[in-house]
Structure formats: C-alpha cells, structure tokens
Amino acid sequence: SFSTREEPEPPERPGEIGTLSLLEEMIDLSGIARLPDPPFVAGLASSTDRRSVSPDDPQGWFANDDWASETSPNYVAVEEGWLRREYVLLDVKGPGAVVRIWSATPTGTLRMYLDESPKPVLEEPLKELLSGEGPIPQPLAHVKARGYNAYFPFPFRKGCKITVDKIVATDPFEGGPLKKFFYQINYRLYSLEAAAKLRTFRRSDFDRADALMRRIARVLDRPSLAYEPSKARSLTTLQKVTGGARAVVERPDGGVIRDLSLMVGDTSEAALRGTRLRMVFDDELTVETPLGDFFGTGPGLSAYESLPFSVGPGGRLVSRWPMPFRERAAIELLGSADVEGKISVEPGAWTERSLHFHAKWRPTETVRTQPPRDLRLLTIQGTGTYVGNAFNLNNPPGTRWWGEGDEKVYVDGDLFPSLFGTGAEDYYGYAWSTTERFAHAFHAQTRSGSSGFGGRFSMNRFHLLDAMPFSKSFRFDFELWHWDDTQVAWDAVTYYYARPGAKDDARPLTADDLRLR
C-alpha cells in the first residue's frame with residue numbers, strides 16, 4: 001500500500017467542513033431538519049448501463065447491463081500507467097465529499113486521488129474497505145445480504161478521482177471469475193465559494209476520528225441512542241376520540257417533535273394498513289400515510305431497528321424524525337382507537353432554514369411488468385431535502401425476480417436523472433436479488449417472499465450523510481424491470497423535508513386506498 005508521512009494538522013475549526021464534522025452529520029437527525037449550510041447538490045457515479053440515454057428510446061432507457069467490464073465500459077475512463085491500468089469510477093471537480101460507496105462485487109484495489117494530487121490519499125483493497133475489515137470500522141462499513149456498503153465522508157477542496165485496478169470479480173455463488181463489476185459512489189458537491197470551508201481528507205483522519213467513529217458505531221448499533229431527551233422537553237399524550245386518536249401541540253415560540261412513540265393493540269396487516277396517520281404543521285398537511293407504512297415497513301408488523309424508526313414485535317412503533325413547527329402541530333389517527341402514544345416535544349425557534357417534515361404514500365397500484373416502465377414514487381415542487389423511502393411490492397407465486405429496475409432521481413428540473421442507479425436491491429444496499437431479511441441503521445429489507453421470489457417484499461433506505469437537497473423540484477422514479485411477464489402490486493412512502501408551501505403530487509387518501517391488496 002502507498003504510504004507517506006503527513007505533517008500534523010490543527011483541529012478542525014468551527015464552521016470548517018472536514019471528516020469529523022461530516023461524520024457528525026451521519027447521526028445528526030436534528031441537522032437534517034434544516035436547509036444545509038453551505039448548500040450542496042447530491043450526485044451518484046454508478047455502473048449503470050450507458051445505453052440508457054433517453055426515454056424516447058425504450059430499449060436503451062431500460063437497458064440492464066448495469067455492470068462494468070471490458071465489453072460494457074460503464075465507467076468514466078481507463079488510464080494506462082507504467083505500473084498498472086486503472087479504471088476511473090468517479091472524476092469530479094470542485095469542492096465536495098464522497099459519502100457512500102457500495103458494490104455487489106468488490107474486487108481489486110481502490111485508489112482515491114484528491115485535489116489533483118498524483119498520489120492516492122487512500123489505497124485499500126476494495127473488499128476490505130467496504131466490509132469493515134479495513135480502516136472504516138463496522139457498522140459504518142458492513143455487508144448486508146451480499147451488499148457491501150461504506151458510509152464514510154471523504155471531503156475535498158478541488159476535486160476527487162476514484163479508480164480500481166481490477167474489474168474482474170469473484171463469483172459469489174460459484175467462486176470462479178466474474179466479468180461484472182457493480183458499483184455506486186454517492187457524493188456531494190458544494191459551490192466554488194464554499195471551497196475555503198472544505199478541509200481535504202488525509203489518511204491521518206482515520207486515527208483522528210477513532211473515538212468519534214466508535215461513538216457513531218454505538219448509535220448505529222443501538223439507534224435509540226440517536227435521541228437523548230433534554231430537560232426542557234415536554235410530553236403530550238394522544239387522546240382517544242371517536243374513530244381514532246388525536247394530539248395537538250402549541251408553542252408560540254416554536255418547537256420540534258423529537259420522538260413519537262405509539263403502542264398498537266391490533267397489529268394485523270388490515271389494521272395497520274387501514275388506519276390513517278395524518279400530521280398537520282402550521283396549517284399544512286405534510287404527512288398522510290397508513291399507520292404501519294409510516295414506520296418504514298408494510299403492510300403489517302415487521303420488527304426492525306433503524307436510525308429514524310423502531311418497530312417492536314409487541315406493537316411498539318417509534319419515530320425519531322425531528323419535526324419542527326413554527327407554532328402548532330397536530331397528529332391524528334383515523335380508523336382505529338386501539339392506539340396509545342406519547343409525543344416528546346423540544347423547544348426550537350423557527351428560522352429561515354427550518355423545514356417541515358413530510359411523508360406521503362403512493363397507494364397500492366397493480367401493473368403489468370412488460371414492457372418495463374418507470375414507477376413514479378413522488379414529485380415535489382419547493383425547496384427542501386429528500387431523506388428516503390419505503391417500498392413494498394407483492395410478487396405473484398412462482399415468478400422470478402422483480403427488482404432489476406434502477407432508481408432515477410431528477411433534481412431541480414433535470415431532463416436526465418442527476419442520480420441513475422443500478423437496481424432496486426442495490427439502492428437498498430443489498431445485492432444479487434437476495435431474499436435475506438436484514439436491518440441496518442440506514443437501510444433494511446424487513447420482509448421478503450415466503451417462497452422463492454413470490455410474496456410480499458418490503459424495504460427501506462434513509463439518507464442523512466447522503467441526503468439529496470433540492471431548490472425547486474424533486475422527482476423519484478423506479479424502473480419496474482421484471483424477468484417475467486406478469487402483474488405486481490406496489491406502493492411506497494416517500495420522506496422529505498421542505499420549506500412551507502412545498503407541494504407534491506400525492507393525492508388525498510380514501511377508504512378504498514387503505515384496503516389491503
């Protein structure tokens with residue numbers, strides 16, 4: 001491995017964007033409820049099929065060779081050096097930070113070149129780097145259901161180039177060579193004016209961040225630690241009303257709902273899907289979903305732990321998403337009175353950077369799988385930050401894998417997606433259409449088919465360090481790409497924060513929408 005002596009650096013200054021401050025963002029739920037300062041845009045470098053150019057060409061738009069190989073050059077470039085050949089996966093200019101790396105086939109050595117330096121600041125076997133066996137400890141780096149993930153910030157001031165020296169991997173099933181290299185690299189880019197605030201990553205940052213990474217690891221392993229109540233908090237109890245329950249919080253100086261804890265008596269699929277959760281902040285309806293689906297899994301009760309949500313096997317449902325309001329917040333449950341709950345409210349002044357929390361459900365839709373199509377999860381008009389979704393699909397018994405489709409994210413009027421992925425399971429952090437159930441602080445597959453690929457699937461992903469801000473508009477599409485010509489039923493919840501006045505294309509829910517399908 002490449003190594004060099006580094007001169008010691010002073011601690012990060014207040015307001016400086018460095019490895020340590022960005023690591024703090026990884027578990028800072030309160031920070032996600034404000035507009036980022038300074039602003040940034042999110043990007044994704046991936047091995048998506050380069051034939052996907054325009055929806056006017058359906059054959060290319062839904063092309064599915066989403067890997068890099070000598071015959072499928074789904075990467076930026078190839079550089080021939082006197083020591084080795086390097087395949088360039090990412091090459092961006094300006095100030096920014098790499099925030100997540102994923103692969104289904106980690107192979108070779110990854111090299112990261114920052115600020116136009118000819119020497120890599122990072123040179124690690126990719127499999128060790130993404131599995132937690134290298135300098136990024138578990139669970140920041142981890143393997144879930146054959147997917148290799150590393151959540152770690154690598155900030156830079158002038159630019160970043162990432163390469164690998166090998167794209168022939170090892171077949172995870174048969175052990176032989178596999179000429180398919182899958183990758184995703186999430187990053188953010190700041191304006192040139194913010195460059196002075198950026199502190200470029202150095203190898204010594206791993207040692208400098210050791211104690212912080214251990215603290216973050218504890219929170220990721222025990223997500224309930226993400227919210228520590230302050231002495232200034234107050235508790236509000238849900239009151240039973242005809243056909244449901246209701247709570248109203250009023251604070252003339254502003255406040256933040258920091259913890260919503262419910263105990264549900266009837267945890268059947270029909271009850272959790274049939275009960276509607278609504279939240280109104282400062283006279284704006286921002287949350288309308290089925291009760292169970294709001295907590296990131298559906299239909300029914302699938303116990304799991306994530307940073308924003310906890311779902312207990314006994315019917316305990318907890319949300320840790322911070323929900324700011326200027327003066328007033330109201331929460332109501334319609335359709336069931338068999339719910340008890342408490343709301344933890346912290347003081348918090350409303351500012352020009354404060355955001356309302358939104359969660360909207362796309363009701364169940366039954367669609368043909370052929371030809372492939374783009375499913376529209378949500379379109380938003382306004383200013384805010386996308387922070388995740390939960391996706392559910394019911395696949396007919398005896399049919400094959402349904403999730404080859406890529407995510408396509410359009411930001412601020414994009415004509416072509418700003419972020420173009422490589423497959424549904426890849427977006428959710430696993431790989432190879434694995435039906436294994438798993439849970440991590442940032443992503444999970446909480447439910448999978450009862451036999452083979454048939455049955456109900458439920459998965460989620462939550463974005464903090466890899467959040468996606470938008471200034472004018474946001475749209476999230478998922479390709480429906482199925483190996484069989486059949487029918488599937490799907491639905492989804494999208495989570496985002498936005499300034500007052502933001503609109504989305506979710507329609508008001510009806511009693512028929514809440515009927516289990």
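On a 1 Å grid over the protein atoms alone, a pocket is an open set of points where a 1.4 Å probe fits, with protein on both sides within 12 Å along at least five of seven lines, and its lining residues have an atom within 4 Å of a point. Grid points are joined across faces, edges and corners, and a volume is the space filled by probe spheres set on the points.

This is a predicted model, in which local features need pLDDT of at least 70 and side-chain atom pairs count only at pLDDT 80 or more, while totals for chains, interfaces and linings use all residues. Residues are numbered from 1 along each chain as its sequence is written, and side-chain values use heavy atoms, with hydrogens and water left out.

**Pockets**

Begin with Phe 182, Glu 404, Glu 425, Trp 432 and Trp 483, which, of the 16 residues lining the second largest pocket, are the closest to its centre. That pocket holds about 350 Å³ of space, and its lining divides into seven nonpolar, four polar and five charged residues; here Ala, Val, Leu, Ile, Met, Phe, Trp, Tyr, Cys and Pro count as nonpolar, Asp, Glu, Lys and Arg as charged, and the others, Gly among them, as polar.

Next select Glu 25, Gly 31, Pro 36, Asp 37 and Arg 353, which lie nearest the centre of the largest pocket among its 23 lining residues. The volume of the largest pocket is about 490 Å³, and α1 gives the most to its lining, with three residues. Helices (H or I, at least four residues) and strands (E, at least two) are DSSP runs, numbered from the N terminus.

**A buried threonine**

From Pro 36, move to Thr 385, which lies in strand β27 (residues 384-395). Is Thr 385 buried or exposed? Thr 385 has a relative accessible area of 2% and therefore counts as buried, a term that means under 20% relative accessible area, with exposed over 50% and partly exposed in between (1.4 Å probe, protein chains only). Not counting residues up to four places away in sequence, Thr 385 touches several residues, including Pro 36, Leu 355, Met 468 and Tyr 496, where contact means heavy atoms within 4.5 Å.

**Strands**

Now select strand β16 (residues 255-264), which is largely enclosed by the rest of the structure because nine of its ten residues are buried. Two strands pair if DSSP finds at least two bridges between them. Nine bridges join β16 to the antiparallel strand β24 (residues 339-347), and four bridges join β16 to strand β21 (residues 316-319), again in the antiparallel sense. Ser 261 is a good residue to display, with Lys 342 opposite in β24 and Val 318 as its bridge partner in β21.

Elsewhere, five strands form an open antiparallel sheet in the order β29-β28-β34-β26-β36. Its edge strands, each pairing on one side only, are β29 (419-420) and β36 (503-504). Within this sheet, β26 (residues 373-381) and β34 (residues 473-480) pair over eight bridges, and Ile 380 has Phe 474 in β34 as its bridge partner.

**Cores**

Finish with Val 98, Leu 140, Phe 294, Trp 321 and Tyr 495, which touch the most other members of the largest nonpolar core, a set of 108 residues. Such a core consists of buried Ala, Val, Leu, Ile, Met, Phe, Trp, Tyr and Cys residues joined through side-chain atoms within 4.5 Å. Apart from the largest core lies another, of 35 residues, among them Trp 401, Tyr 427, Met 468 and Tyr 496.
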